[in-house]
Structure formats: structure tokens, C-alpha cells
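Here is a short tour for anyone meeting this structure for the first time. Take a moment to turn the model around before reading on.

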Amino acid sequence: MNQTPTAVRRSVIAGCGSALPQRVMTNADMSKVVDTTDEWIVERTGIHARHIANDSETTRTLGVEAARRALDHAGLTPDAVDLIILATSTPDQTFPATATLVQADLGITRGAAFDVQAVCSGFVYAMSVADAMIKSGQAECVLVIGSETFSRILDWTDRGTCVLFGDGAGAMVLKAETLPDSQESPGILVTRIRSDGRYHDKLYVDGGPSTTRTVGHLRMEGREVFKHAVVNIATIMDEAMKAANVAPKDVDWFVPHQANRRILEGTARKLGIREDRIVMTLDRHGNTSAASIPLAFDVAVRDGRIKRGDLVLFEAMGGGFTWGAILARF
Ligand code: UT7
């Protein structure tokens, strides 16, 4: 006997958008700043270039631009939005939250807006909070933004870190829809977030209002982060897929946080995900921290790779350590 699936409240990705600073800095440009080469950067990371914000481009302005494009893509106007969650580690000011600045620029005067801080995992954290707010009936239409200006917190004399990062923003609009409780229905299927603060000194910023009264600079033990990244990412993606009862072969697109080509290929191999199913934009964008997932997703949606109905797996790992994964049908 065929049973009609029950209806559930889902967070559907209604649209996406992104924004990049105008200035492109290539590896050749980078070799004029620190003792490095295009060969080293490409071989160790896969990065060829990154965008660097000028003084008038900030986390707020990039976030607003990405948000407007995501709303346009969804066919919505700002007045539809009742919650903004912005993931960043490079806010315009210590407070108020950059999300409230974006809210003001979009002319939204209802609902709420707040920032989420989970470094490179920020977008995955923000999406899981947005999904929980939608599922619990506290929000109908959420603008989830990842926006970063990491160039402002880099130590431009440290070749081990400054070559890796770039600036940019990405956004998604999540809308509540009541749909049949089936894996074939669009929307977020699983969210998983984790952290382990014992590893705080492997990737951190050496300043802050309460300690040094300064912003500080990014510090990283790259090799240590690399080692943990492959294990943590693979484990949490496996958990997310098992929770939804899907196999790696069922995943149409793997949209990872863009940190290092070798990490992405290593995890894909470990899980049996085909390399041509990985969306990789780090060659052009570098590591844009919380912005990297929505940026990569937007690129692949607009160039026609990711289509409506595709099953997409997002993952990230960053300072904290924090990490997480999301499985969604677009
Ligand atoms: O988004 C948050 C998560 N972050 C990550 O996932 C980053 C994870 N880590 C990595 O991606 C890699 O560890 C890096 C790309 C950061 C570094 O690659 P590595 O293969 O782990 O290199 P390493 O740090 O062990 O350094 C190897 C050598 C060193 O020289 P010696 O000591 O062997 O003589 C470094 O001094 O490469 C040298 N080096 C460089 N050489 C040229 C480090 N940075 C550079 C550079 N150009 N930019």
C-alpha cells in the first residue's frame, strides 16, 4: 500500500549571490610582498590569485552586495526577510554586529540580525542556526551571509599565512516551505556542527578587545591544521550522509570550504567522492573563510553546474577548532 509522506517544514535555498572586491592579487604580485613563488603556492595549495578589498570595500559592503544578488536570484525584495545571520571573523566594528549594518543598508526594520563567529566554519554554523530557526517556526525567510576581509588581519610579513587568504562574500536566502517528508523534496536535510577548543592555539588571532585591546593578526600552525582537517571533515561528512541515509555516490556536488586543494582532494578520495563532483574556486579566490562556501556555491549555480534538485554536501573546518557539514537538496 502506497503511503503519502507526511508534510514537514523545510528550509529551502531560494537563491544565492556573491560579491568580490575589484582588486585581484596574483601569486606573482604576492612574490613582491614576501619571499615566495607561484610554484610553491600552486603546488602546496592550488591557489593562483585572490581578491583584496580596498579601503571602501568592507565586510559590510561586500555582505550587502552578496545579499542583494541572492534576493534578486530568489525573486524576493528585502521586506520578505525576517532574519539575517552573518558569519564573519572580520566584522566592520567589534560591535554592533555587521548583520545589523547589513540590515540597515537593505532597509529592513523588522525581525532580527546577528553575527555568528566560527571562523572558516562560520557559514555552516550560520546555516544550521537558520535551519533551526525556520524549523521551530521562529523565522520564515532568512538571509544567511558569509562575508570576510581577512586581508585586514593578515601579517603581511608571514609568508606561511598571507599567501593563503582572500576577501569576499556569499549569501543564500532560506525560505520556509511545507513539503512532503521525502529526500526528494528540496531543502536542508541534515546539519552537523562540532568544536573542540583544546586546539585554539593552532589557528587564532593574537589580539582582541578584552586582552590586547587590538585587533591582532592571524597565526596558524598550517601542518597541524591540515592533519586535523582531513580527519574531522571526512568524519563529519560521513555522519551527515549516514544521518540522511545517502551514500557518497548519491551526492551530486561537494561544495567544501576552500582552504587547500590537497585537503579537498584527500577528503574526497577518503569518502569515495568523484573529483569532478568537487566545486573548487580557491584557485581564483584563495581561502575566504566564512565566505568561501556560499561564494563557491554561487559560482557553480550561475555557471550551470549545480541545478535544482541536486543533492549538495557542504563542509568546513576552521579555528577553534570548529567544523561541520550540511546536506541539502537544492
Ligand atoms: O581555513 C582554515 C583551515 N586552514 C587550513 O586548512 C590550512 C591547512 N594547512 C595548509 O593548507 C598547509 O599546511 C599550508 C599550505 C599552510 C602549508 O603547506 P605545508 O606543506 O604544510 O608546508 P609547511 O608549513 O610545512 O612548510 C614547508 C616549507 C617550510 O620550509 P622548510 O622549513 O621546509 O625549509 C616553510 O618555511 O615551506 C616554507 N614555506 C614557504 N615557502 C615559499 C611556507 N610558506 C611558504 C611560502 N612560499 N608562501
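A polar contact, in the sense used here, is a pair of N or O atoms within 3.5 Å. Please keep in mind that this is a predicted model.

**Around the ligand**

With that cut-off in hand, we can look at the ligand. Arg-262 gives one example of a polar contact: an N or O atom of its side chain is 3.3 Å from an oxygen atom of the ligand. Two further side chains, those of Arg-223 and Asn-287, can be read from the table.

| Residue | Distance from a polar side-chain atom to an oxygen atom of the ligand |
|---|---|
| Arg-223 | 2.6 Å |
| Asn-287 | 2.7 Å |
| Arg-262 | 3.3 Å |

On its own, the ligand has 950 Å² of accessible area, and the protein covers 74% of that. There are 23 residues around the ligand, and those that come nearest are Thr-36, Arg-44, Arg-223, Asn-260 and Asn-287. Sorted by character, the shell holds 11 nonpolar residues, seven polar ones and five charged ones.

Which helices help to build this shell? Helix 2 (38-45), helix 6 (159-162), helix 7 (222-243) and helix 8 (261-271) each bring at least two residues to it. Helix 7 has the largest share, with four residues.

Where does the ligand sit with respect to the domains? Domain 1 (7-180) and domain 2 (187-329) both contribute residues to the shell, so the ligand lies between them.

**Two sheets**

Now for the strands. In general, the strands of a sheet pair through backbone hydrogen bonds, and they can do so in a parallel or an antiparallel way.

One open sheet has five strands in the order 1-7-6-4-5, with mixed pairing. Its edges are strand 1 (7-19) and strand 5 (112-116); each has a single partner strand, so one side of each has no neighbour in the sheet. From one strand to the next, the twist averages 20°. Inside this order you will find strand 6 (residues 141-149) and strand 7 (residues 167-180), which run antiparallel and are joined by nine bridges. To see one of the pairs, look for Val-142, whose bridge partner in strand 7 is Leu-174.

Another open sheet is made of four strands in the order 8-13-12-11, and its pairing is mixed too. Here strand 8 (187-195) and strand 11 (253-256) are the edge strands, each pairing on one side only. The twist in this sheet averages 15° from one strand to the next. Strand 11 and strand 12 (residues 311-318) run parallel, with four bridges between them. Trp-253 is a handy place to start, as this residue stands opposite Val-312 in strand 12.

**Backbone details in the loops**

A few loop residues deserve a closer look. Which peptide bonds are cis? The bond from Phe-95 to Pro-96 is cis, with omega near 5°, and Pro-96 belongs to the loop between strand 4 (83-87) and helix 4 (98-105). The bond from Gly-320 to Phe-321 is cis as well, with omega near -10°. You will find Phe-321 in the loop between strand 12 and strand 13 (322-329).

Two other residues have a positive phi without being glycine. Val-119 has phi near 50° and is located in the loop between strand 5 and helix 5 (122-135). For Asn-245, phi is near 60°; the loop that holds Asn-245 runs between helix 7 and strand 11.

Notes:
Residues are numbered from 1 along each chain as its sequence is written. This is a predicted model: local features need pLDDT of at least 70, side-chain atom pairs count only at pLDDT 80 or more; totals for chains, interfaces and linings use all residues. Side-chain values use heavy atoms; hydrogens and water are left out. A residue is near a molecule or strand if one of its heavy atoms lies within 4 Å of it. A polar contact is a pair of N or O atoms within 3.5 Å; within protein, one must be able to donate a hydrogen and the other to accept it, and residues adjacent in sequence count only if both atoms are side-chain atoms. Accessible areas come from the Shrake-Rupley method with a 1.4 Å probe; for residues, only the protein chains shown count as cover. Ala, Val, Leu, Ile, Met, Phe, Trp, Tyr, Cys and Pro count as nonpolar, Asp, Glu, Lys and Arg as charged, and the others, Gly among them, as polar. Domain bounds come from an automatic or database domain assignment. Two strands pair if DSSP finds at least two bridges between them. Axes are lines fitted to C-alpha atoms, for helices over the stretch in contact, and angles run from 0 to 180 degrees between N-to-C directions.
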